[in-house]
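Colleague: Could you take me through one part of this model in detail, the stretch around the largest nonpolar core, and then fit it into the rest of the chain? Keep it informal.

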Amino acid sequence: MKRYKKYKILAILLTSFFIVSYELVRHYTLIHFLPRDVDVVVSSILFIVISIIISQVIFNTLEKLERKSYQKEIEAKIMFENSVDAIFVLNSDGEVLEMNGGAELLSGWKQKDGLTFEILFDETLHSLRFYRDKNDNDSSPIIEKSLQTKDNGPTPVSLTFSFMNDLFTNQEKIAIIVRDLSERKQMENVIKKLYTEATQKHYETEILYQISHKMTSIRDLSALDTQKTFRDVTNKIQRLLEGDHVALYLKRSHNDGFSCIASTPNFRNQDYDFSEHSRLASYEFKDNKLVVPIQTEGHTLGFILVEGTEQMQSSMQKQDLIKSIKQIFSITLENSHLYNKLRGVTIVEERERLAREMHDGLAQEISSISMKIQVVKSLIYRKGSDGLDSDRLKEFVRDLETLTNEAYHEIRHHLFNLRTPFQMQKPFLDSLMNYADIFEEHTEIEVEVKVREDFTFREANLSSEMKVHVIRIIQEALSNSKKHSSASSVIVELEPASVGFWRIRIEDNGNGFDYEMNKDQKEHYGLEIMKERAHLFGGYVEINSSRGEGTQIALYIPEGGEHLENH
């Protein structure tokens, strides 16, 4: 407020001089109305008082404005000193006139160090003028630069600057607000790194999925398309692990060594000796090579060999991928082994079933034919006979014809079942209805297939192995209706059952039998095989029959293929 004092006095003197001068002129023109001395004194006093009053009012207003200005100055000073942001005030030459505590803390410099814009930001002040001229609007431009700190080198910062003129000297000054971007830059780098890792993880997951999808298609290692699948998989492993070459070795037989069955192009190490890795439990890096054993139940079935492993040895992510690949291959080879074992068991079961049915039916019929032929021969070639007993001979010939026809139909029935008209690649329900039509055509037994609800979602739970067992059970049930019950019609119904199961019910209108009293008899052995088949996939079979009322067989199939101990 002191800087206004001289202006206040000057304003009073000038105002008083003006009024006095004015009144002197005025009163000289009106002197004839009043005595001159009286008029001069009265007018001077009057206007001096008025001028003082007016000046006081004016300067009271100025004083209020000054107080506000001073208050803002104090607030600005407090903000300047206590701001967490660094603030530098420079002159037009780029020299630092003032800097707050935030500036000292961020830069490590002191004002006494003789700082300039060029020292702080490693460039001239003209760059700020360029940004100011380039910025068309009135807002202060924000730019990013590196602050040259005293002890820690360059630090990423953002600058907000304003050009202004000093109120008293009218010299140009530049106020620069500097904000530390180190944490933001670190966060940006972390986000970029996470994004890169997520992108890489997505890529790796996609390749792993493709490998897994390819491997799950393998059932029989001796199939023609298996080697092509393995070649595709080795190429994908090379892309995934970024190795130079990848090869797959499998054991051809129990005693033989390991043979290379698939590799990436230009792989030359076909006869690699794995004898030193025979006891390897996990993967091993050696001589710029990666050796991954493929194991199941403690037995080594093969190896994956990767050449060019510099990056893998130091990457935990790559080593996690190696473990996943090892697991996929181990599961695939184990499944292939189980598939071949199951296929062998199925073949043996089919042979046993066919042998049993031929023994129980066809063999007995042929034996009867043979006996009848012997009797006919004895009748024809019997010595001492006066003549042939034509009636008895005709009776034996009719019996032979009947037995021959039965044997013929029995053979046709076995051939029909061996061909298995079930089309496995088609939906199960379509295949079942097709089989029912063919069975009806061959046997003249009417077969009606009923479905209580949409079967699609249930069929999705039927694996190929389960489907084979279900088919054989249905075949056995229909075959029994033909051979033993003299049925004229059969109903095959698919329907929901108890919680966790659905049911295939096969009911005929044949003679029926007392199952509980005769279930241990030889002719009912096929029914027990049906139960054993159902037990293999966690299902069970219920058989209800009584003489003269037909037979009902109910096959219960688990929704998710879970094994049940209590059935």
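**The largest core and its surroundings**

Modeller: Let's come in from the outside: E444 counts as exposed, at 72% relative accessibility. Bear in mind that this is a predicted model. E444 lies in the loop between α11 (428–443) and β11 (446–451). Its phi is near 60°, a positive value in a residue other than glycine.

Step back to T443 and you are in helix α11. T443 has a relative accessible area of 16%, and since the cut-off for buried is under 20%, T443 is buried. A polar atom of the T443 side chain lies 2.6 Å from the backbone oxygen of F439. So in sequence you go from a buried T443 to an exposed E444.

Now for the core itself. The largest nonpolar core has 34 residues, and V470, V492, I504, L555 and I557 are those with the most contacts inside it. Both α11 and β11 supply at least two residues each, as do α13 (464–483), β12 (489–496), β13 (501–508), α15 (525–536), β14 (540–545) and β15 (551–558). The element that gives the most is α13, with seven residues. As background, nonpolar side chains tend to be buried together in soluble globular proteins.

I504 is a handy place to stand and look around. Leave aside its neighbours within four places in sequence, and I504 is in contact with F428, V470, I474, V492, E493, L494, I553, A554, L555 and I557. V470, V492, L555 and I557 turn up there, and they are also named among the residues with the most contacts inside the core. Apart from this core lies another one, of 28 residues, with I218, A262, L290 and M312 among them.

The contact list of I504 also holds a charged residue, E493, and that leads to the salt bridges. E493, E495, R503, R505 and E507 are linked in a network of them. Within that network, look at E495 and R505: their side chains meet in a salt bridge, 3.6 Å from N to O. E495 lies in strand β12 and R505 in strand β13, so the pair ties together parts that are ten residues apart in sequence. E495 and R505 are both buried. β12 and β13 also each supply at least two residues to the nonpolar core.

For contrast, try two salt bridges within helices. R67 pairs with E63, the closest N and O atoms being 3.1 Å apart, and both lie in helix α2, four residues apart, about one turn of the helix. R67 is partly exposed at 46% relative accessible area, and E63 is partly exposed at 25%. R184 pairs with E188 at 3.3 Å between the closest N and O atoms. They sit four residues apart in helix α6 (residues 182–216), so about one helical turn separates them. R184 comes out partly exposed at 37%, and so does E188 at 30%. The count for salt bridges comes to 18.

Helix α2 (residues 36–82) also holds V49, which is partly exposed with a relative accessible area of 42%. Together with V41, I45, I53 and V57, V49 forms a nonpolar patch on the surface, with about 440 Å² of accessible area together.

Another spot worth a look is N91 in strand β1 (residues 86–91), which is buried at 13% relative accessible area. Its side chain reaches the backbone nitrogen of D93 at 3.0 Å, and a polar atom of that side chain lies 2.9 Å from the backbone nitrogen of E95. Not counting residues up to four places away in sequence, N91 touches L97, L125, E172 and I174.

E444 also has a counterpart in N266, where phi is near 70°, a positive value in a residue other than glycine. N266 lies in the loop between β7 (258–263) and β8 (284–286) and is exposed, at 62%.

Finally, the whole chain: there are 15 helices and 15 strands, and buried residues make up 37% of the 567 residues. Of the contacts with a separation of 6 or more, 56% come from residues 24 or more positions apart.

Definitions and conventions. Residues are numbered from 1 along each chain as its sequence is written. This is a predicted model: local features need pLDDT of at least 70, side-chain atom pairs count only at pLDDT 80 or more; totals for chains, interfaces and linings use all residues. Side-chain values use heavy atoms; hydrogens and water are left out. Patches are made of residues with over 30% relative accessible area and no salt bridge: like charges are joined within 9 Å, nonpolar side chains (Val, Leu, Ile, Met, Phe, Trp, Tyr) within 5 Å. Accessible areas come from the Shrake-Rupley method with a 1.4 Å probe; for residues, only the protein chains shown count as cover. A salt bridge is a side-chain nitrogen of Lys or Arg within 4 Å of a carboxyl oxygen of Asp or Glu. Buried means under 20% relative accessible area, exposed over 50%, partly exposed in between (1.4 Å probe, protein chains only). A nonpolar core is a set of buried Ala, Val, Leu, Ile, Met, Phe, Trp, Tyr and Cys residues joined through side-chain atoms within 4.5 Å. Contact means heavy atoms within 4.5 Å. A polar contact is a pair of N or O atoms within 3.5 Å; within protein, one must be able to donate a hydrogen and the other to accept it, and residues adjacent in sequence count only if both atoms are side-chain atoms.
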